[in-house]
Amino acid sequence: MTISRRHLLKASAAGAAIGTFHIGRGQAQTAEFTYKYAHNLQVTHPVHIRATEAAEKIKQETNGRLVIQIFPASQLGSDTDMLSQVRSGGVEFFTLSPLILSTLVPNASLNGIGFAFAHYDAVWKAMDGELGTYVRGQIAKANLHVMDRMWDNGFRQITSSKGPINSPDDLKGFKIRVPVSPLWTSMFNAFQSAPASINFADVYTSLQTKVVDGQENPLAIIATAKLYEVQKFCSVTNHMWDGFWFLGNRRAWERLPEDVRTIVARNLNAAAIQQRADVFRLNATLRTELTSKGMVFNETQPAPFREALKKAGFYAEWQKKYGDEAWDILQRATGASFS
Ligand code: X2X
């Protein structure tokens with residue numbers, strides 16, 4: 001029996017869908033598993049680039065048994081849709097912001113508390129440490145598989161077509177797009193802005209048509225999604241750090257033989273580490289690049305923004321929502337104190 005035939009039979013026995021034919025290295029092979037991975041970013045973003053490399057390595061190392069097809073730029077649907085799809089098995093893999101994931105796993109959003117992280121060292125210590133372990137435990141309880149290493153989105157900055165944000169007062173009444181997540185809405189309500197929950201798939205158009213005046217995202221996204229075409233000002237607020245959990249449909253994950261799972265996990269976790277370094281490097285150059293495209297940057301101080309959140313009862317409210325155990329983990333992990 002040939003290898004591919006044996007795999008085919010194994011796949012049928014496991015009840016798995018028989019994969020599509022694909023040509024690799026000059027020979028026709030049948031993939032035993034063909035899985036879809038969906039994400040919301042452009043193909044120029046480090047998430048897509050590193051995931052593509054990882055998928056290629058996974059194909060090679062599994063001798064073509066697992067082919068991961070990547071669907072970028074919300075091609076298969078918005079984050080909200082894809083979260084349902086990865087739960088039902090319509091897509092097998094999906095990268096998602098923990099804050100959006102919190103619509104399913106409430107305490108997943110801890111990392112997004114305003115001004116919790118001062119710099120990247122604190123971020124990875126927390127997300128590769130106790131905070132990440134706690135959140136992955138919460139995600140597992142919701143019946144999703146999650147890879148150990150988180151991918152980077154970045155420190156978020158506020159862009160606007162109207163004018164710079166220099167102080168919390170400038171956020172009052174500001175029509176700002178936020179991702180679909182209670183924590184984001186709550187934070188910009190605390191600033192007395194007018195937040196609108198919009199999936200990333202619709203952000204460019206909503207800015208272009210002036211449904212909203214601004215949005216907030218890390219520089220790597222402002223650049224790769226070309227938001228500079230529809231936004232003039234970029235205010236460096238670093239008001240929140242956000243990343244992406246690499247999620248898997250639980251049944252699809254468990255259907256993979258153990259040796260394949262090991263190969264997938266090793267490659268995706270290694271890709272995450274490289275992707276973090278990519279974003280870090282981009283941060284150093286993107287400001288110049290975006291300035292040359294016409295964006296106007298300004299610096300801000302975190303203290304008045306943090307004070308405004310505190311005054312509005314933002315930290316107290318979320319401490320109550322998360323519970324003391326989770327809040328203590330956040331404080332220990334970040335070294336931040338919000339009282
Ligand atoms: O929707 C966003 O703004 C993005 C791309 O940063 C997230 O996935 C949270």
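**Exercise 1. Into which domains is the protein divided, and how many Å separate their centres?**

Solution. The model is a predicted one, and the first step is to place the parts along the chain. Domain 1 comprises 5-152 + 243-284, while domain 2 comprises 157-239 + 293-334. The second step is to take the centres over C-alpha atoms, which puts domain 1 and domain 2 26 Å apart. To the contact between them, domain 1 contributes 31 residues and domain 2 contributes 36 residues.

**Exercise 2. Describe the interface of domain 1 and domain 2 by its buried area and its polar links.**

Solution. The size of an interface is often expressed as the accessible area that is lost when the parts come together. Here the area buried between domain 1 and domain 2 is about 2,700 Å², and carbon and sulfur atoms give 68% of that area. Turning next to the polar links, one finds nine residue pairs in polar contact across the interface, with both residues at pLDDT 80 or more. The rule also finds one salt bridge across the interface. A salt bridge joins the side chains of Glu 130 and Arg 332, with an N to O distance of 2.8 Å.

**Exercise 3. Which helices each supply at least two residues of the side of domain 1 that touches domain 2?**

Solution. The helices are H3 (79-88), H4 (98-101), H5 (120-127), H6 (130-141) and H11 (258-292). The largest share of this side of domain 1 comes from H6, which supplies three residues. Sorted by residue class, the side of domain 1 that touches domain 2 holds 14 nonpolar residues, 15 polar residues and two charged residues.

**Exercise 4. Is His 145 buried or exposed, and which side chain does the side chain of His 145 meet in a polar contact?**

Solution. His 145 lies in strand S6, which spans residues 144-146. Its relative accessibility is 19%, and because buried means under 20%, His 145 counts as buried. The side chain of His 145 makes a polar contact, at 3.4 Å, with the side chain of Trp 253. When neighbours within four places in sequence are left aside, His 145 is in contact with Phe 246, Leu 247, Gly 248, Arg 250 and Trp 253.

**Exercise 5. Describe the setting of Leu 144 in strand S6.**

Solution. Leu 144, placed in strand S6, has a relative accessibility of 2% and therefore counts as buried. Not counting residues up to four places away in sequence, Leu 144 touches a set of residues that includes Leu 83, Val 86, Leu 101, Ile 139 and Leu 247. Finally, the C-alpha atoms of Leu 144 and Trp 253 are separated by 9.1 Å, although these two residues are 109 residues apart along the chain.

Notes
Residues numbered from 1 in each chain as written. Predicted model: local features only at pLDDT ≥ 70, side-chain atom pairs only at ≥ 80, totals over all residues. Heavy atoms only, no water. Domains from an automatic or database assignment. Contact = heavy atoms within 4.5 Å. Buried area = accessible area lost by both parts, 1.4 Å probe. Salt bridge = Lys/Arg side-chain N within 4 Å of Asp/Glu carboxyl O. Polar contact = N/O pair within 3.5 Å; in protein donor to acceptor, adjacent residues only side chain to side chain. Helix = DSSP H or I, 4+ residues; strand = E, 2+ residues; numbered from the N terminus. Nonpolar A, V, L, I, M, F, W, Y, C, P; charged D, E, K, R; others polar. Buried < 20%, exposed > 50% of the residue type's maximum accessible area, 1.4 Å probe, protein only.
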